[in-house]
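Biologist: Could you take me through this one slowly? I'd like to hear the reasoning behind each label.

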Amino acid sequence: MKATKFRQQLKPWILPLAMIIGIIFHDYIGMIAFLSPCLIFIMLLITFCRVSADDFKVTKFIWALLAMQIFGAIAAYIILRPFNPDIAQGTFICIFCPTATAAPVITGMLGGSVPRLVTYSIFSNVAVAILAPALFTIMGTGYDISFIDSVMTISAKVFPLILSPLALALLFQAYMPRVHKEIANRQSLSFYIWAVALIIVVGNAVSFIMKEPSDRIPEMLLIAVGALIACCLQFIVGRKIGAKLGDKISGAQGLGQKNTVLAIWMALTYLNPIASVGPAAYVAWQNTINSLQLFYKAKHDQRHPV
C-alpha cells in the first residue's frame, strides 16, 4: 500500500525528471536514439490493446477533435508560411502530430474517460499515417524525386510504424485473447516507456540545438514560442470541445497532449530539421501542464478523499 502511494506521489515528477536527465546526458543519448521507433511501436501496441474492434465508434467527439488536429495544423502552416517557412513547419507538426500514447494514462489519472481517448488516439494516429506522406511532400521533404515517389517513400516508413501496432493488437484480440488481455492490463507501462522516450527525445533535441549556429537562436526561440502558443490553445480548445460533448478532460488531453517522440522523428526525417525545435519545445510545455494538472489533482484528492 505504501509502495502504491509512493508511486502516485512520484508520478507528477517523473516527466520533469526525464527531461532533466535528457538535458544533462544529451551527449550520450545518440547511442540509444535508435530505440525511438521501437518505443513508439510498443507504446502504440499497449494503447491499441486497450480497446476492442467494437469500440471503434466515430462520434461527434472524434470528428471535432480530428478536425481541429488536421485543419488547425494546415491553417497554422498557411498563415505562418509567408512569414517564415521553418516556424510554419514547426508549428504545423505540433498541431498535426497524433495524440500521445501515454495520454490515456494521464487522462485516467485526471478522471477522464480512458476508452474514449484511446479510441480517439487510434483515429488520430491513422489520420496522420494516411495524410502525412502527401502533406510532407507538398511542404518539401528533401527528396529530389517525384511527388508520387516521395509519397510512397514516406508511406513505407510511416505506415508500418503507426498501423502495424494496430493490426497486431487486433490480431491478438482475435486469435490470442489472453495475450491481448495481459497487454491491455499493462497500460501504466506506457507512462514509464514514455518517460524513457522523453529522455531520448529531449537529449536529441538539445544536441541538435547546440550544434546549430548562434545566428539561428532567434529563429529557434520563435519556433519554441509558436509551440507554446499551439500547446496552450490546443489544451484550451480541446477542453471546450470536450465540455460540450461530455468529457472536458479527454478533450483537453486528446488535443493538447501530443506524441512528441513521433513528431520530432517526423520533423527530423521529412521537414527542415530545425522545425524539430517546435515539438522539442512542446515536450517541455505539455509536460509542464501535465505535471501541474497531476499535482493539483493530487492536492484535490488529499483534501477531498472519496
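**Gln69 and its surroundings**

Modeller: Let's start with Gln69: setting aside neighbours within four places in sequence, Gln69 is in contact with Ile95, Phe96, Cys97, Pro98, Tyr120, Ser124, Val128, Leu255 and Lys258. Keep in mind that this is a predicted model.

Biologist: Where does Gln69 sit, and why is Gln69 called buried?

Modeller: Gln69 is in helix H4, residues 60-80. Buried means under 20% relative accessible area, and Gln69 has 0%, so the label fits.

Biologist: What makes the link between the side chains of Gln69 and Ser124 a polar contact?

Modeller: A polar contact needs N or O atoms within 3.5 Å. The side chains of Gln69 and Ser124 are joined at 2.8 Å, so that counts.

**Helix H5**

Biologist: On to H5, then. How do you know what span to expect for H5?

Modeller: You take 1.5 Å times one less than the number of residues. H5 covers residues 85-96, twelve residues in all, and the expected span comes to 16 Å. From first C-alpha to last, H5 reaches 16 Å, close to that expectation.

Biologist: And why is H5 described as largely enclosed by the rest of the structure?

Modeller: Eleven of its twelve residues are buried, so the description follows. Among them are Ile87, Gly90, Phe92 and Cys94.

Biologist: What makes Asn84 a cap for H5?

Modeller: A side-chain oxygen of Asn84 lies 2.9 Å from the backbone nitrogen of Asp86, at the N-terminal end of H5. The cut-off for a polar contact is 3.5 Å, and this pair comes in at 2.9 Å.

**Salt bridges**

Biologist: Why is the pair Asp86 and Arg216 called a salt bridge?

Modeller: The rule asks for a side-chain nitrogen of Lys or Arg within 4 Å of a carboxyl oxygen of Asp or Glu. For Asp86 and Arg216 the closest N and O atoms are 3.1 Å apart, so the pair passes. Asp86 lies in helix H5 and Arg216 in the loop between helix H10 and helix H11, so the pair ties together parts 130 residues apart in sequence.

Biologist: How many salt bridges are there by this rule?

Modeller: Two. Glu219 and Arg216 also meet in one, at 2.9 Å from N to O. That's how Asp86, Arg216 and Glu219 end up linked in a network.

Biologist: Which of these residues are buried, and which partly exposed?

Modeller: Asp86, at 11% relative accessibility, counts as buried, and so does Glu219, at 15%. Arg216 has 23% and counts as partly exposed, because partly exposed runs between the 20% and 50% cut-offs.

Notes: Residues are numbered from 1 along each chain as its sequence is written. This is a predicted model: local features need pLDDT of at least 70, side-chain atom pairs count only at pLDDT 80 or more; totals for chains, interfaces and linings use all residues. Side-chain values use heavy atoms; hydrogens and water are left out. Helices (H or I, at least four residues) and strands (E, at least two) are DSSP runs, numbered from the N terminus. Buried means under 20% relative accessible area, exposed over 50%, partly exposed in between (1.4 Å probe, protein chains only). A polar contact is a pair of N or O atoms within 3.5 Å; within protein, one must be able to donate a hydrogen and the other to accept it, and residues adjacent in sequence count only if both atoms are side-chain atoms. Contact means heavy atoms within 4.5 Å.
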